[in-house]
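Let's take a friendly walk through this chain, from its overall build down to a few backbone details. Have the viewer open as you read.

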Amino acid sequence: MADVQPLRGIRYNSEAVGNLAQIITPPYDVISEEAQAKYHARNPYNIIRLELGLDEPGDTSLNNRYTRAATTFAEWRVNSILQQEATRCYYVYQQIFTYNAQTYTRTSLLARVRLEPWSARIVLPHEHTMAKPKDDRLKLLRACVTNLSPIMSLYNDPQDRIRRLLSSYVENVEVQITDEVNEKHRLHPITDEHQIALIQNFFAERQLYIADGHHRYETALNYHEEVRAMHRKLDPQDPANFVLMALTDIDDPGLLVLPTHRLLFGLSQDALKRLTSQQLARYFTVYDQEEAEASHDALLEELAQKGASQPSFILSTAQKTWLLSLNETGKARMRESSHSSAWNELDIAIAHTLILGDILGLKAEDMTAGTHIRYTRDAQQALHTVQTSESQAALISNATRVRQICDVADADDRMPQKSTYFYPKLITGLVMNPLW
């Protein structure tokens, strides 16, 4: 099964750069242009210069943000801004954060993991990828020959073996950082050879589930194939055979998945007219809502309660708001899909198939392309956009459960777009994995 190895990671030299909070960033795919400029201005050694450099006028194939990242990376290593570990190690990594007034601690193990094709069924995906992000990440990987940020993956540990082992390292950690949104990050190397052997043996019997980072994993596979084509045959321990991952227990108490809600726009009047209690009752038990009856808070609380036993949704238009729970006819309709039973039970799959597809008549390619759909993680904001006519309808859902993600991956299926959002994102800039 999974080959999870320690690595000689590359880390910032805190004596050279000072406060490490000034040099870390979120992952590249959640950084806006404004945030990108902010991180560039924050500190001359900020990881943004490697992870997401600025495009400049006059860029060419020989001078661009990828080549500048490679040059900067080399200079920082020569000048000991970045230093490689003297010995191989794993890293325990904790994120302590607050969401909805509750404090969570998520614990991960940073390691290098042997790349496996999807067909090997050792590392399992749950979503499709797009070409453009992979092209960008491949150019950066070719330039820097280093994994600059970890892929988030999950593993099953019903006996809590790894969680107990890692807990012995978190009381007196080497690195403690509080970032710009007041989330705490703790990092500590694990160098004990006996502990390293225990960890490696544990994962040798496990599959891994990618939670966040499908594009970077496929990029690593593509880079591996390029290197192998150049060298014909790679040594099994060649660094290009591996990718940096943060591994988290499926049952970790700090593992939080947030829902992503759908905002609908550009729908024809004929489509909107099909959003009626009668049409919705084909697939759902329908609870008509009057704005005077309940606040949004109460409505969202009721959604959470009903969602505990049955896939449920809030659907709101300028004229009407409904609370919907899947009925037996809806379940039968989902069984007609070409997907696995695990996929058919996903809230977002149900919403896409029955509401967006069957009732509104949207095509699958329209949903994927975002022709009529925008996304938000703020349910209150989603409902507000309907009242202000910023959207024609809002579709509010509950979060996907972690076990559902693994069930879909086990079935070799793929979830609909924007089905999961693991919160918070892993930070970039703590540990890098060299591929040379």
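The report below starts with the fold as a whole and ends with single residues.

**Overall build**

What you see is a predicted model, not an experimental one. Its secondary structure amounts to 17 helices and 21 strands. With a radius of gyration of 23 Å, close to the 22 Å that the globule rule gives for 436 residues, the chain is as compact as a globular protein of that length. If you are setting up a box around it, the C-alpha trace spans about 70 × 55 × 45 Å along its principal axes.

How much of the chain counts as buried? The share is 56% of the 436 residues. Contacts tell us about the sequence range being joined: among those between residues at least 6 apart in sequence, 77% link residues at least 24 apart.

**Surface and charge**

The chain exposes about 19,700 Å², and carbon and sulfur atoms supply 47% of that area. As for charged side chains, there are 45 positive and 55 negative ones. The centres of these two sets lie 3 Å apart.

**Cysteines**

A disulfide is a covalent bond between the sulfur atoms of two cysteines. How many does a search of the whole structure find? The count is 0. Two cysteines are worth a look here: C89 is buried, at a relative accessible area of 1%, and C406 is buried as well, at 4%.

**Backbone details**

Most residues other than glycine have a negative phi, and most peptide bonds are trans. Three places in this chain depart from that pattern, and they are worth finding in your viewer.

The peptide bond from Y423 to P424 is cis, with omega near -10°. P424 sits in the loop between β20 (422-423) and β21 (433-434).

The other two are residues with a positive phi, A101 and K418. Here they are together:

| Residue | Phi | Loop | Relative accessible area |
|---|---|---|---|
| A101 | about 70° | between β4 (90-99) and β5 (102-114) | 78% |
| K418 | near 55° | between α17 (402-410) and β20 | 42% |

Are these two buried or exposed? A101 counts as exposed because its 78% is over the 50% cut-off. K418, at 42%, falls between the 20% and 50% cut-offs, so this lysine counts as partly exposed.

One element links two of these spots: β20 borders the loop that holds K418, and β20 also borders the loop that holds P424.

Key
Residues are numbered from 1 along each chain as its sequence is written. This is a predicted model: local features need pLDDT of at least 70, side-chain atom pairs count only at pLDDT 80 or more; totals for chains, interfaces and linings use all residues. Side-chain values use heavy atoms; hydrogens and water are left out. Helices (H or I, at least four residues) and strands (E, at least two) are DSSP runs, numbered from the N terminus. The radius of gyration is taken over C-alpha atoms; the globule rule is 2.2 Å times the number of residues to the power 0.38. Buried means under 20% relative accessible area, exposed over 50%, partly exposed in between (1.4 Å probe, protein chains only). Contact means heavy atoms within 4.5 Å. Accessible areas come from the Shrake-Rupley method with a 1.4 Å probe; for residues, only the protein chains shown count as cover. Lys and Arg count as positive and Asp and Glu as negative; His and the chain ends are not counted. The place of a charge is taken as NZ of Lys, CZ of Arg, CG of Asp or CD of Glu. A disulfide is a pair of cysteine sulfur atoms within 2.5 Å.
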